[in-house]
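Subject: Structure handover, with notes on packing and voids

Hello,

Here is the structure for your set-up work. My notes on its packing, pockets and cavities follow below.

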Amino acid sequence: MSAENNVLLRVENLKMYFPIYRGIIRQQVGAVHAVDDISFEVFKGETLGLVGESGCGKSTTGRVILQLYRPTAGKVFFDGIDLTALKGEPLRRMRRRMQMIFQDPYASLNPRMTIGDIVGEPFLVHGTVPRSEVRDRVADLLKLVNLNPDFASRYPHEFSGGQRQRIGIARALALQPAFIVCDEPISALDVSIQAQVVNLLEDLQKEFGLTYLFIAHDLSMVRHISDRVAVMYLGVIVELADRFELYHHPLHPYTQALLSAVPIPDPVAEQKRQRIILQGDVPSPVNPPSGCRFRTRCPLAQAVCAEAKPEFREISPGHWVACHLV
């Protein structure tokens, strides 16, 4: 997909199944196929957007990449190192270079710790900064995310949602990572605050050369912040392309349906365009459909869609899609 030395993260055939147990003896009766055989690359300095419906496996993908969940199968290469083969201290050292901004700013901060302790904790855990210098480093980080350094002695309940998310960003930046998973960082915030947080993330990316995996529902925001976009459905990636290519020439029927639901700020164009309404509900990830995952709701489905799994292949330079009909 690109020059080898430009790839920061490579995911190969990644699977994450959560076992289902029943009975007194806790016998496994099935598994939730949260992530099922996905492969993609993230290049240095870019933002890869990951979009899809709720429950399709976006957040699980981010957590498996960081090894917060150990994958069922597959490999994750970060800067050429296989994270799935690391354990203990080697993995802990690699985690300095990978961080996460969580979705819920109200649940991701410990209510019993001050802001100074929350932001300064990574320094103490990894021993990167002498204890005597932690306070000054915390003040610098709070300034970086446009918060008053005097807030360091306050507790999370004294802040708004947008301020809490800035604190989470400051904590993620503490160890100067190269890669950050942004797990729907703006979905719990007001619209006016969302723009501020996204602008902050863009400014930080330019200043520190950060690489983002940006997980979101808001397709308009993903188009704004991302360089490339991957579309996920029921545990698999169905399309991946440059943002302009994906939004102007979507090839997969599911991507076309998603984009048809994005509001257009032009009454005339909004009235003329054709909405694609998908029928039925998303199948259960416990027992996903055979062949193409999307076939049960696809208006174009044919017999081959139920018989064989579509290959995720490159249709044009940089434009990947998994569909028999393309």
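Helices and strands here are DSSP runs, numbered from the N terminus, with a helix needing at least four residues and a strand at least two. Please keep in mind that this is a predicted model.

Pockets

The largest pocket has a volume of about 420 Å³. Its lining consists of 15 residues, and those nearest the centre are Arg 95, Met 98, Gln 99, Pro 122 and His 126. Three elements supply two or more lining residues each: strand S6 (98–101), helix H3 (115–126) and helix H5 (161–173). Of these, H3 contributes the most, with four residues. By class, the lining of this pocket has nine nonpolar, two polar and four charged residues.

The second largest pocket comes to about 290 Å³. It is lined by 19 residues, with Asp 37, Val 236, Ile 237, Lys 309 and Pro 310 nearest its centre. Strands S2 (27–43) and S10 (236–242) are the elements giving two or more residues to this lining, and S2 gives the most, four residues. The split by class is 11 nonpolar, three polar and five charged.

Cavities

How many cavities of 30 Å³ or more does a search of the whole structure find? There are two.

The largest cavity has a volume of about 50 Å³. Its lining is made up of His 252, Pro 253, Cys 292, Phe 294, Arg 295, Cys 298, Cys 305, Cys 323, His 324 and Leu 325. Seven of the lining residues are nonpolar, two are polar and one is charged.

The second largest cavity holds about 30 Å³ of space. Around it are Val 51, Leu 219, Val 229, Val 231, Leu 246, Tyr 247, Thr 255, Leu 258 and Leu 259. Strand S9 (228–233), helix H8 (243–248) and helix H9 (253–260) each provide at least two of the lining residues, and H9 has the largest share, three residues. This lining has eight nonpolar residues, one polar residue and no charged ones.

Nonpolar cores

In soluble globular proteins, nonpolar side chains tend to be buried together. In this model the largest nonpolar core has 59 residues, and the members that touch the most others are Val 119, Ile 167, Ile 169, Leu 201, Phe 214 and Tyr 254. Another core, of 32 residues, lies apart from that one and includes Leu 8, Leu 9, Met 100 and Ile 237. Ile 237 also appears among the residues nearest the centre of the second largest pocket.

To take one residue of the largest core, which residues does Ile 167 touch, not counting those up to four places away in sequence? They are Leu 109, Ile 115, Ile 118, Val 119, Leu 147 and Phe 159.

Aromatic pairs

With ring centres required to lie within 6.5 Å, the count is seven aromatic pairs. One of them joins Phe 151 and Phe 159, with 5.5 Å between centres and 65° between the planes, making the pair edge-to-face. Both of these Phe residues are buried. Elsewhere, ring pairs connect Tyr 233, Tyr 254 and Phe 294 into a cluster. Within that cluster, Phe 294 also lines the largest cavity, while Tyr 254 is one of the residues with the most contacts to other members of the largest core.

Regards

How values were computed:
Residues are numbered from 1 along each chain as its sequence is written. This is a predicted model: local features need pLDDT of at least 70, side-chain atom pairs count only at pLDDT 80 or more; totals for chains, interfaces and linings use all residues. Side-chain values use heavy atoms; hydrogens and water are left out. Rings of Phe, Tyr and Trp (its six-membered ring) pair if their centres lie within 6.5 Å; planes under 30 degrees apart count as stacked, over 60 as edge-to-face and the rest as tilted. Buried means under 20% relative accessible area, exposed over 50%, partly exposed in between (1.4 Å probe, protein chains only). A nonpolar core is a set of buried Ala, Val, Leu, Ile, Met, Phe, Trp, Tyr and Cys residues joined through side-chain atoms within 4.5 Å. Contact means heavy atoms within 4.5 Å. On a 1 Å grid over the protein atoms alone, a cavity is a set of points where a 1.4 Å probe fits but cannot get out, and a pocket is an open set with protein on both sides within 12 Å along at least five of seven lines; lining residues have an atom within 4 Å of a point. Grid points are joined across faces, edges and corners, and a volume is the space filled by probe spheres set on the points. Ala, Val, Leu, Ile, Met, Phe, Trp, Tyr, Cys and Pro count as nonpolar, Asp, Glu, Lys and Arg as charged, and the others, Gly among them, as polar.
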